[in-house]
Amino acid sequence: MPEGLSATEAGHKMAEHAEHEAEHGGSPGHKRISIVEAVVLSIVTVVAAWAGYSAAKWSTDSSLNLAKASATRVKANRAFQQALTYRVGDAVTFNAWYTAHIAGNKNDMRVARKYFLPTYRAAFDAWLATKPFTNLSAPAGPEDMPQFKPPGAALAHALDARADAYYTQGQKAAQTGDHYIRVTVILASVLFLVGISTQFPMLRLRYGLIAVGVLLLVFAGQQLLSLPGPP
């Protein structure tokens, strides 16, 4: 149960209230106000149970989403590292091809091209078609060609976006849970006011404390209505 007022605490307060009134309540006025106090305490108990349940559910939802964000981020990093490894491999092979090209060794050029990854080979062929050794406006290399799509890069980007979404959902769920806990704090104030009112013999003072408690209860109800329900 999150911090704040629990339904169990409210139930104990109702029991204490009933025992107190059984010992000290006698006049019609005291009996009427005892009924009002009992009704308010009953409402607080129900609302507190709902707020506590909702806070717990949102807290769990936040933890699950944050865990998913962390796990997805690990997958994104793994995909990025894989893409980086492929790019380094293609770069090394391209350097070998370029060295063979400068030396005029066509066989080594053919062998180096054979070891390009399929996606890099497509970009490499498109780059050669631009005649880069005579065309000054040609792209600097195969990686600057639109045909170049490094393996794993798109997956890493998609996983990063998914991790960001999970993290945002987890943060929002945590904030919603905090709002529900704030409602339980308000309800605890109502419980205190109604509970302490039984200690005073003056009916006006008791009604005043109950009135303040009811106002806080209404405010807590408005806050609950503005919050999304449990996930």
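## An all-helix chain at a glance

Reading from the N terminus, the elements of this protein follow the order α-α-α-α-α-α. That makes 6 helices and 0 strands in the protein. Please keep in mind that you are looking at a predicted model. Below is a friendly tour, from the overall picture to the cores, one buried serine and a patch on the surface.

**Overall picture**

- The protein has 231 residues, and 34% of them count as buried.
- About 13,600 Å² of the protein is exposed, with carbon and sulfur atoms supplying 63% of that area.
- Among contacts with a separation of 6 or more, 75% are between residues 24 or more positions apart.

**The nonpolar cores**

- In soluble globular proteins, nonpolar side chains tend to be buried together.
- Here, the largest nonpolar core has 22 residues, and V40, Y180 and L187 are the ones with the most contacts inside it.
- Helices α2, α5 (153-197) and α6 (203-225) each supply at least two residues of this core.
- The most comes from α2, which gives 9 residues to this core.
- What does V40 touch, once its neighbours within four places in sequence are left aside? V40 is in contact with V190, V194, I210, V214 and L217.
- There is also a second, separate core, made of 13 residues, including A123, F124, A126 and F148.

**A closer look at S54**

- S54 lies in helix α2, which covers residues 28-103.
- Is S54 buried or exposed? S54 counts as buried because its relative accessibility is 0%, and the cut-off for buried is under 20%.
- Leaving aside neighbours within four places in sequence, S54 is in contact with Y180 and P230.
- Y180 has appeared already, as one of the residues with the most contacts inside the largest nonpolar core.

**A nonpolar patch on the surface**

- Which residues make the nonpolar surface patch of about 360 Å²? The patch is made by F80, L84, V88 and V92.
- L84, one of these four, is found in helix α2, the helix where S54 also lies.
- With a relative accessible area of 38%, L84 is partly exposed, because that value falls between the limits of under 20% for buried and over 50% for exposed.

**To take away**

- Helix α2 gives 9 residues to the largest nonpolar core, holds S54 and also contains L84.
- Within helix α2, S54 is buried at 0% relative accessibility, whereas L84 is partly exposed at 38%.

Key. Residues numbered from 1 in each chain as written. Predicted model: local features only at pLDDT ≥ 70, side-chain atom pairs only at ≥ 80, totals over all residues. Heavy atoms only, no water. Buried < 20%, exposed > 50% of the residue type's maximum accessible area, 1.4 Å probe, protein only. Contact = heavy atoms within 4.5 Å. Areas by Shrake-Rupley, 256 points an atom, 1.4 Å probe, with all protein chains shown as cover. Core = buried A, V, L, I, M, F, W, Y, C linked by side-chain atoms within 4.5 Å. Patch = residues over 30% accessible without salt bridge, like charges linked within 9 Å, V, L, I, M, F, W, Y side chains within 5 Å. Salt bridge = Lys/Arg side-chain N within 4 Å of Asp/Glu carboxyl O.
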